[in-house]
Amino acid sequence: MDTKLRGIGQKILPLAVLAGLVLTAFFTIGKKQDTAGSSHERSTIVIDPGHGGIDGGAIGADGTRESDINLAVALKLRAMAELYGLDNLLLRQDDRTLCDAEEYSEHRDLECRTELASAELNPVYISIHQNDFPTGQASGAQVIYAAGEGSEELGTIMHRNLIGALYPKSRRVAEPATRKLYILSHLTCPAILVECGFVSNSIDLENLKRPTYQTSLAAIMMGSYLQFEQNTVRI
Ligand SMILES: [Zn+2]
């Protein structure tokens, strides 16, 4: 995208996204009130900023740690969930190893995140990550969904909204998780992993570091979650 257009887009986009979010939330809250007293049970949005502490995840060319971008977006998403009075759980609120820092292993870390998410009542799990590719050319968002009920729907909504707002030229589609992804293959609730962009791509990396862009990402995630909840009545 032309640099000037990109600059203008970055100023306008968060406002447009937030305006859409407010409208979505308005209708969603209205719908929840309509169903009060019915058997509709509240969900808990579980927000998982990937990596953290001794595990920085992918590292950008300038030394930016994926774990820090994940956390920044997750904190904004949690703030929006609080704003709308949604039950929520943020798995880490700062730069830390989630479980067993003394005896860290990647497997134990993933197991721990799975246990924390599973312990919630009606969890809807959203894992936030950034992608990495050796050539540096790949860019854009990618959403991966679990096999559990509702995951594909949530993943499809999330992917469509992210691509539509931020990467309109992308031809990617939401994809099912392989068994290699421990958390997504062990959770039975609606569960997705969102790769917001590539830290290995210089343009993506500059965007991903920007607070306004992070706000856009969080707002799109929030709007997508609300859209999913509006479509779903779990009994
Ligand atoms: Zn990651």
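**Tyr145, the sheet and the core**

Biologist: Why is Tyr145 called buried?

Modeller: Tyr145 has 24 other C-beta atoms within 10 Å. The cut-off for buried is 20 or more. Tyr145 therefore counts as buried. Bear in mind that this is a predicted model.

Biologist: Where does Tyr145 sit, and what is it in contact with?

Modeller: Tyr145 belongs to strand E4. Beyond its neighbours within four places in sequence, its contacts are Ser151, Glu152, Leu154, Gly155, Ala174, Pro176, Ala177 and Ile192. Take Ala174: it lies 29 residues from Tyr145 along the chain, yet their C-alpha atoms are separated by 7.2 Å.

Biologist: What makes E4 and E6 a pair?

Modeller: Four bridges join E4 (residues 142–145) to E6 (residues 191–198). A pair needs at least two, so these strands qualify. They run antiparallel. One bridge sets Ile144 against Leu193 in E6.

Biologist: What is the strand order of the sheet?

Modeller: The order is E2-E1-E3-E6-E4-E5. The sheet is open, has six strands and shows mixed pairing.

Biologist: Why are E2 and E5 called edge strands?

Modeller: E2 (87–90) and E5 (175–176) each have a single partner strand. One side of each is therefore left without a neighbour in the sheet.

Biologist: How do you know that E3 is paired with E1 and with E6?

Modeller: Count the bridges. E1 (residues 44–49) and E3 share six, in the parallel sense. E3 and E6 are also joined by six bridges and run parallel. The cut-off is at least two, so both pairings hold. Pro49 stands opposite Ile128 in E3. Ile126 stands opposite Ile192 in E6.

Biologist: Why is E3 described as largely enclosed?

Modeller: Eight of its nine residues are buried, so the rest of the structure largely encloses E3.

Biologist: What stands out in the largest nonpolar core?

Modeller: This core has 56 residues. Ile192 and Met221 have the most contacts inside it. Helix H7 (residues 211–231) gives the most to this core, with 10 residues. Met221, leaving aside its neighbours within four places in sequence, is in contact with Leu77, Ile126, Met158 and Val194. In soluble globular proteins, nonpolar side chains tend to be buried together.

Biologist: How do you know that helix H2 has the span expected of it?

Modeller: H2 (residues 66–83) has 18 residues. At 1.5 Å a residue, they should span 26 Å. The end C-alpha atoms are 26 Å apart, so the two values agree. H2 is also mostly covered, with 13 of its 18 residues buried. Gly85 follows H2 and has a positive phi, near 65°.

Biologist: How does the span of helix H4 compare with the value expected?

Modeller: H4 (residues 151–166) has 16 residues and reaches 22 Å from its first C-alpha to its last. The expected value is 22 Å, and the reach is close to that.

Biologist: Which elements do the buried residues of H4 pack against?

Modeller: They pack against E3 (123–131), E4, E6 and H7. Buried residues of H4 include Leu154, Ile157, Met158 and Leu162.

Biologist: At what angle do H4 and H7 pack, and what is the hand of the crossing?

Modeller: The angle is about 145°, with the axes 9 Å apart. The crossing is right-handed. On the H4 side, the residues that meet H7 include Leu154, Ile157 and Met158. On the H7 side, those that meet H4 include Ile220, Met221 and Ser224.

Biologist: What makes the phi of His51 and of Asn122 worth a remark?

Modeller: Both have positive values without being glycine. His51 has a phi of about 65°, and Asn122 has one near 45°. His51 lies in the loop between E1 and H2. Asn122 lies in the loop between H3 (106–118) and E3.

Biologist: Which burial class does each get, and why?

Modeller: His51 has 26 C-beta neighbours inside 10 Å. The cut-off is 20 or more, so His51 is buried. Asn122 has 13 other C-beta atoms within 10 Å. Exposed means 12 or fewer and buried means 20 or more, so Asn122 is partly exposed.

Biologist: What does the whole chain come to?

Modeller: The chain has seven helices and six strands. Buried residues make up 43% of its 235 residues. Of the contacts between residues at least 6 apart in sequence, 77% join residues at least 24 apart.

Methods. Residues numbered from 1 in each chain as written. Predicted model: local features only at pLDDT ≥ 70, side-chain atom pairs only at ≥ 80, totals over all residues. Expected span 1.5 Å × (residues − 1). Contact = placed C-beta atoms within 7 Å. Core = buried A, V, L, I, M, F, W, Y, C linked by C-beta atoms within 7 Å. Axes fitted to C-alpha atoms, helices over the stretch in contact; angles between N-to-C directions. Left-handed = near helix turned anticlockwise from the far one by under 90°.
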